[in-house]
Amino acid sequence: MTIMIDGIGVVGGFGSGAKELLAAAQAGGCAPETASLSAEGTSQEVPVYRARTDHLTDFVSKRALRRVDHLSRMALLGAHLALEDAGNPALDPQRTGIIVASGYGATGTTFAFLDSVLGDGDACASPTHFSSSVHNAAAANLSIQLKLEGPCLTLSQFEQSVFSAFSEARIWLCEGRVDRVLVGCVDEFCPVLGYCWQRYFGSELPEVQQPLRLNSQSAIPGEGAAIFLLSRDQGQAAYGHIAHVEYGRGILPSFNADLTLIGADGHRVCGQRYRDELAPGMWVAAASASYGSLPVGSAFDLAIAAFSRKTGFWSLPIQANDTAWDQMRPGAEMADLNVACVKCGNDNDYGLLILEP
Amino acid sequence: MTTRVPVAITGLGCLCAAGVGVDDCLDSLYRGERRPTAPTLFSTSHPVTYPVLEIPETDFPREEGPLLRTSELGLAAAREALADAGLDETSREKVRIGVILGTTVGSAMNNEAFYQRFRDGERPEMTAIDRFRRSNPAAVVARELRLNGPTQTLVNACSSGTDALGIGAGWLRSGLCDVVLAGGADELCRTTYNGFSALMITNENPCSPFDRDRQGLNLGEGAGMLVLEKAEAAKKRGVRLRAQLLGYGAAADAYHLTAPSPDGKGLRRALCEAMEQAGIAASDLAFVNAHGTGTKDNDKVESQVLHDLLPGIPFHSTKGYTGHTLGAAGGIEAVFTVAFLERGEIPASIGFSSQDPDLPTAPVTENTPVAGKAAISESLAFGGNNAVAVFGRVEDTA
């Protein structure tokens, strides 16, 4: 049984909303900001794709947001944009589920909590930071702000989180457990992650992320939220239908798709897996220069594929590459194409999702 | 409406402060033993000591290995459950086994020593981060035991373990795999100790769920894992069926980040959904294993809901024996519920001695024989999650 995408909301280094994500995709990427990281008296500028949530207040009052952290704000903005994109349907609060996928959770708030402990002592630990650092806080904030009382789940499986979430949403919808599911994929950047990046890849910090140069290390950390409102198949869908979701360990299973959007995000080690497991001559694209490298990046790939389908035409330009794949020219018609979103992780794991017309 | 496909429970695994192994835990519970102590896994500077329920060092190693402690706990419980289900290494190769494991600490990047050095402007080594990256609990169990089905780590706070069971049953119904290892694992750590203390819901004394003088919870650690498979397939395998997972319900309060909705609306709906899916009435129930943390808010809400929806059904909390094991709680308490159902007796709700006049009902105060073909385990969580699982005796559901 297939499920359909009714609405999509996105926020990330490209800005927010379909128009800004597609603009970044059509331009072949967008320019990152920089974050300053200091250690042992030295400072280094690290490129990063940061998300802004300023216009969340178009949807939620400042008062309601006063204790809501950055991760939850991204999720909330994405959710409101998804609902707006779907035409603000009347949701049955008890028949609408929420599934949030996050690779690392609210890391910024976790370390803010540790600041309160390490800075002021155990007895001065911040209760607000603690309760917001709990991994399911973003899902809870969605539930509370949107007044949704159906089942509510948070998953954390690093790069498999996105596929795990869509797989679960499909089961809920197919079993009739709920009528709609808000699937939210969100990850944030914080200085500790920047430090980790610097330690692991410090000598190879790029200015531009080039995901189809698989022999290069060009990953730039990113953050953002991609939120999808899903429902059971009811016929024609502007964004298409999710026909297949699969994730696991080992070799990528074989699949049929006209276009494969790989989750290559500039990491050399993972990049090799795509080269090893996808046949030469396939039509392949990689869109991560539009949003950066983050565990839930595949959700942005799905968003780009869906937004492109809705416009009728493929968005990405031909990219610099060192592969034997073909690339679809921008403007190619997409109405009848099956698109596969594929992610190969560095723990021998994979994720596969197929979007059909 | 979810199609009812009988899901059998064929294996149990558990370790916590009450014991290492299911039988060891049950012995402690029925003897009415509990061992809250000052924390020894870590030190704190609180002026007051909040007792915790740790697994003794003699029972489970504490040396820092390549994996986080939470993953090691989950792995130990998973091994016991698979052995109980007769799934040795050879037989595991013939079936697709999925792993779904609930946790809170196990997915948190919160190593204090690493962060302290970073905060001080140093360049800490990446050992702690490497360890964290290697230690996604469900991935660890799948990798170490060479299991080839889907894996999922649930981070739904205190209802994670119960949610894992319901989600796992869904995997079986949809054919994602043949067998599911489902449950939860969580270790004690300074972050949760300091966090719960900051929220002022930890008790300076051993906890007393539902008691008039209850003052909060004690934290604990451990893991509880169950093997689930389609009843038909389990029978073909010739393995003993320990119970059936008859129903699961989950609903959100949409109320507050840490406090339950005072009217218990989410718990009520989760209970109704689970019982409807199970096809049982209140009169079929032998007992309820409540969430029963010992906090003012949780116990008040639960007591009212149990009184309204399941009047006269015996209930208890086992958190006096185990502590609140967070993401592991639902898994550990599911193991206990199945074992109590098999035995036909539930242990006393330790710590309870005085009825709270604001609570309309009270737990059992001594080991109590129970009759009935089914039992419930329920979990309430931060974020307003409510999850309920209904288990059935095998002879009554075959």
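Author: Let's start with one term: contact means heavy atoms within 4.5 Å. This is a predicted model, where local features need pLDDT of at least 70 and side-chain atom pairs count only at pLDDT 80 or more, while totals for chains, interfaces and linings use all residues. Residues are numbered from 1 along each chain as its sequence is written, chains are lettered from A and ligands numbered from 1 in the order in which they are written, and side-chain values use heavy atoms, with hydrogens and water left out.

Reader: Okay. Where should I look for a helix that is enclosed, and why is it called that?

Author: Helices (H or I, at least four residues) and strands (E, at least two) are DSSP runs, numbered from the N terminus. Buried means under 20% relative accessible area, exposed over 50%, and partly exposed in between, using a 1.4 Å probe and protein chains only. Now take helix α6 of chain B, residues 137-144: six of its eight residues are buried, so the rest of the structure largely encloses it. The buried ones are B:Pro137, B:Ala138, B:Ala139, B:Val140, B:Val141 and B:Ala142.

Reader: What covers those buried residues of α6(B)?

Author: The cover includes α2 (69-84), β4 (97-102), α5 (127-134), β5 and β6 (179-186), each in chain B. Just past α6(B), look at B:Arg146, which takes a positive phi of about 55°.

Reader: Let's zoom in on β5. Is B:Thr151 buried or exposed?

Author: B:Thr151 sits in strand β5 (residues 151-154) of chain B, and it counts as buried because its relative accessibility is 5%. Leaving out residues up to four places away in sequence, B:Thr151 touches B:Ala138 and B:Ala142 among others, and from chain A its neighbours include A:Gln157 and A:Tyr247.

Reader: Which side chain makes a polar contact with that of B:Thr151?

Author: A polar contact is a pair of N or O atoms within 3.5 Å; within protein, one must be able to donate a hydrogen and the other to accept it, and residues adjacent in sequence count only if both atoms are side-chain atoms. Here the partner is the side chain of A:Gln157, at 3.3 Å.

Reader: How many residues of each chain are in contact across the interface?

Author: There are 71 residues of chain B in contact with 63 residues of chain A. Buried area is the accessible area (1.4 Å probe) that two parts lose on being put together, summed over both. Between chain B and chain A it is about 5,700 Å², with 57% given by carbon and sulfur atoms. On the chain B side, B:Met109, B:Arg123 and B:Arg133 lose the most area to chain A, together 13% of what that side buries.

Reader: How many salt bridges are there across the interface of chain B and chain A?

Author: A salt bridge is a side-chain nitrogen of Lys or Arg within 4 Å of a carboxyl oxygen of Asp or Glu. The rule finds nine across this interface. B:Glu125 forms a salt bridge with A:Arg199, their closest N and O atoms being 3.3 Å apart. For polar contacts between chain B and chain A, the count is 31 residue pairs, both residues at pLDDT 80 or more. The largest share of the side of chain B that touches chain A comes from α8(B), with seven residues.

Reader: And in chain A, where is A:Glu33 found?

Author: A:Glu33 is in strand β3 (residues 33-39) of chain A, and it is partly exposed, with a relative accessible area of 31%. A polar contact of 2.9 Å joins its side chain to that of A:Arg52.
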